[in-house]
Amino acid sequence: MNRVNRRSVAVIGGGIIGLSCADELLRAGHEVVVCDPAPATGATHAAAGMLAPAGEAWFGEEALLRLGLDSLARWPEYAANLEQRSGTDVDLRSTGTLLVGMDRDDLIDVRRSCALLEESGVRVEPLDREALWRREPGLSSRVAGGVWLPHDRHVDPRRVAVALLAVLGDRVVRQRATPVEGGVLLEDGRVLAADVVVLATGATGLASVRAVRGEVIRVRTPDAPTHMVRARVHGQPVYVVPRSDGEVVIGATEEEHPGHSAPTVGGMARLLDAARQLLPGLDTAEFIDAVARDRPGTPDNGPLLGVLEGTGAQRPIVAGGHYRGGVLLAPVTAAVVRALVEESPPPDVAAPFHPDRFERTTPCL
């Protein structure tokens with residue numbers, strides 16, 4: 001990069017989005033600092049790591065599906081580059097998603113989402129019960145049917161965070177920060193000068209973002225499923241995501257209520273009951289931990305990607321509100337932020353997600 005175009009950037013927020021944006025800018029030759037008192041301990045720490053825009057697709061969110069498909073295509077190169085520079089295996093796996101209905105009503109919901117995928121040109125392979133068992137023998141004999149989404153992937157977000165923190169090194173400042181004219185104000189009173197400020201503050205930084213609680217359980221078993229499995233079990237959504245070391249992540253709760261982010265008895269019971277009905281072999285799995293975190297949701301479930309208008313001369317760049325898609329959308333978000341920092345056109349798929357589409361998108365740091 002021409003040194004004339006080199007810019008200093010302060011990223012507020014050290015989840016996978018903020019860290020990925022900082023890494024992208026660093027590789028492009030910019031000066032970068034990330035400010036977060038506890039990086040990678042929020043939603044990133046709890047995330048299952050599903051890179052599954054097809055499995056998440058729903059009616060009215062076609063633009064979000066396109067954004068997710070774009071980012072999914074970036075993940076293999078993104079992961080390989082990060083692994084090479086950090087020396088950390090991020091456990092990227094490309095086994096696809098099994099989308100399963102436990103009973104006939106559940107299967108109707110699965111087929112409805114598949115109709116949307118087919119309209120969007122996403123490959124879907126219908127499977128009857130026998131075909132499902134051949135692909136994933138641990139599934140219950142009572143499943144009604146499902147489909148295979150072969151292009152979905154999954155990754156271990158905790159390993160991704162370790163890798164990103166390693167390559168960023170001392171550019172991560174473990175303090176809270178607030179944007180001010182000409183940079184950011186740290187909680188110790190210092191001001192770090194920056195040409196550009198990026199707000200990647202997750203569920204706490206913008207008035208148009210709401211906190212949506214998600215709970216996950218981690219277990220370990222030698223009989224972990226081969227595929228990522230998303231299912232409806234008598235109306236209860238559940239996902240089961242295997243890791244290469246035998247760990248299995250179980251999740252799917254969504255609750256909007258105030259209070260400390262802690263797992264609830266009701267949430268854990270619903271997840272375990274649905275997962276055990278879906279994959280009976282989980283009965284003998286070893287419990288590892290249960291985690292709850294708040295995810296940043298917006299009114300239309302899409303992220304906020306763009307320059308925030310009307311907030312002073314500096315006009316920070318926003319990279320927030322990623323809801324369930326923070327891990328999936330990290331590569332494309334990093335590409336968008338780099339383009340905005342360099343005053344270049346961002347990827348076209350990001351156009352529907354400008355932060356000014358909501359009236360109250362203002363910083364509340």
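**Exercise 1. Place Asn301 in the chain and describe its surroundings.**

Step 1. Asn301 sits in the loop that links β17 (286–297) to β18 (304–307); strands here are DSSP runs (E, at least two residues), numbered from the N terminus, as are helices (H or I, at least four). The model is predicted: local features need pLDDT of at least 70, side-chain atom pairs count only at pLDDT 80 or more, and totals for chains, interfaces and linings use all residues. Residues are numbered from 1 along each chain as its sequence is written, and side-chain values use heavy atoms, leaving out hydrogens and water.

Step 2. Is Asn301 buried or exposed? Its relative accessible area is 18%. Buried means under 20%, exposed over 50%, and partly exposed in between (1.4 Å probe, protein chains only), so Asn301 is buried.

Step 3. Setting aside neighbours within four places in sequence, Asn301 is in contact with Glu61, Leu64, Arg210 and Tyr323 (heavy atoms within 4.5 Å).

Step 4. With Glu61, the side chains make a polar contact at 2.9 Å. Such a contact is a pair of N or O atoms within 3.5 Å; within protein, one must be able to donate a hydrogen and the other to accept it, and residues adjacent in sequence count only if both atoms are side-chain atoms.

**Exercise 2. Describe strand β4 and its partners.**

Step 1. In β4 (residues 97–101), five of five residues are buried.

Step 2. Thr97, Leu99 and Gly101 point one way, Leu98 and Val100 the other. In a regular strand the side chains alternate between the two faces of the sheet.

Step 3. Strands pair if DSSP finds at least two bridges between them. Five bridges join β4 to the antiparallel β6 (residues 145–149), where Gly145 is the bridge partner of Gly101.

Step 4. Five bridges also join β4 to the parallel β14 (residues 228–233), in which Met228 stands opposite Thr97.
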